Amino acid sequence: MAQDAAIRLSTVSVVEALAASLRDRVLDGQVRPGTAIAETEIATDYGVSRPTARSAITVLVHEGLLHRHANKSAYVPHLTWGDVDDLFLVRTPLETHVVRVLVERDAVPVTAAERAIADLGRLDPDAPHSAFVEFDLGFHQSLVDAIGSPRLSRLYRGIKGEMHLCMVQTRHTLGRERIVAEHGAILDALRAGDAEAAIRRMEAHLDGARSSLQRIFEEDRTPV
């Protein structure tokens with residue numbers, strides 16, 4: 001029985017490691033939109049079994065980083081204007097609620113948020129675009145994680161993955177200086193205990209990101 005348990009744990013760790021590697025490849029833009037991710041190829045490339053490859057692919061499907069239809073290989077989705085709209089439909093009310101709760105609970109993660117802002121400001125201009133996006137979204141994740149809700153953090157990581165994919169596919173962000181300034185303004189309001197100001201600044205920041213991304217995707221929008 002103990003041996004069976006050890007085998008299961010070993011399998012889980014391999015699946016998690018494989019999923020992490022595939023996630024990095026997708027979010028780094030190494031796998032282009034529409035590219036199929038076949039279980040057989042993944043199993044061969046990584047030297048793992050097909051069930052292990054299938055499990056790792058399923059993890060990314062659940063995160064929204066891959067799509068899969070019945071009896072078809074998973075593939076990297078090409079996100080659209082509608083996907084951006086839907087992401088912010090969830091993201092904006094969630095994050096504005098987060099800043100209110102942080103003030104109410106006096107739980108503002110000043111150190112983690114300041115570190116995220118500083119890391120973005122110091123990032124080498126020649127760093128991969130995916131690294132820039134990761135530092136950008138890291139600020140928002142630090143606020144969510146400070147709530148202390150495992151379910152909320154898990155939910156946000158799914159949204160964050162799709163946001164990262166969206167920004168990688170467009171090769172677009174609001175720009176380092178603007179993002180650092182807006183993140184800093186949100187943190188200033190949180191540190192001052194001004195929930196309403198923090199909410200206004202977060203809404204303005206996210207609305208700017210949504211509008212900017214949707215301009216890039218406008219040509220993909222399907223008329224109603």
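In these exercises, Ala, Val, Leu, Ile, Met, Phe, Trp, Tyr, Cys and Pro count as nonpolar, Asp, Glu, Lys and Arg as charged, and the others, Gly among them, as polar. The structure is a predicted model, in which local features need pLDDT of at least 70, side-chain atom pairs count only at pLDDT 80 or more, and totals for chains, interfaces and linings use all residues. Residues are numbered from 1 along each chain as its sequence is written, and side-chain values use heavy atoms, with hydrogens and water left out.

**Exercise 1. Describe the lining of the second largest pocket.**

Step 1. Let us start with the term: on a 1 Å grid over the protein atoms alone, a cavity is a set of points where a 1.4 Å probe fits but cannot get out, and a pocket is an open set with protein on both sides within 12 Å along at least five of seven lines; lining residues have an atom within 4 Å of a point.

Step 2. The second largest pocket has a volume of about 190 Å³, where a volume is the space filled by probe spheres set on grid points joined across faces, edges and corners.

Step 3. Find the lining in the model: Arg23, Leu27, Glu63, Leu65, Glu134, Arg157, Gly158, Lys160, Gly161 and His164.

Step 4. Sort these residues by class, and you get two nonpolar, three polar and five charged.

Step 5. Now look for helices, which are DSSP runs (H or I, at least four residues) numbered from the N terminus. Both α1 (2–27) and α7 (150–170) supply at least two lining residues, and α7 gives the most, with five.

**Exercise 2. Describe the lining of the second largest cavity.**

Step 1. The structure holds two cavities of 30 Å³ or more, and the second largest has about 40 Å³ of space.

Step 2. Around this cavity you will find Leu22, Arg25, Val26, Val31, Ile37, Ile42, Leu60 and Leu66.

Step 3. By class, the lining has seven nonpolar residues, no polar ones and one charged. Helix α1 gives the most to this lining, with three residues.

**Exercise 3. Work out how α4 (residues 81–104) packs against α9 (residues 195–217).**

Step 1. Two packed helices are described by the angle between their axes and the distance between the axes. Axes are lines fitted to C-alpha atoms, for helices over the stretch in contact, and angles run from 0 to 180 degrees between N-to-C directions.

Step 2. For α4 and α9 the angle is about 165 degrees, and the axes are 9 Å apart. That makes α4 roughly antiparallel to α9, a label for angles over 145 degrees.

Step 3. The crossing of α4 past α9 is right-handed (the near helix is turned clockwise from the far one by less than a right angle).

Step 4. Contact means heavy atoms within 4.5 Å. Among the residues making this contact are Trp81, Phe88 and Val103 of α4 and Ile199, Leu206 and Phe217 of α9. The contact residues divide into 13 nonpolar, three polar and seven charged.

**Exercise 4. Repeat the analysis for α4 and α6 (residues 129–146).**

Step 1. These two helices pack at about 55 degrees, with axes 9 Å apart.

Step 2. Helices α4 and α6 are therefore oblique to each other, the label for angles that are not under 35, over 145 or 65 to 115 degrees.

Step 3. Here α4 passes α6 in a left-handed crossing (anticlockwise in place of clockwise).

Step 4. The contact includes Leu94 and Val98 of α4 and Leu137 and His140 of α6. By class, its residues are eight nonpolar, one polar and two charged.
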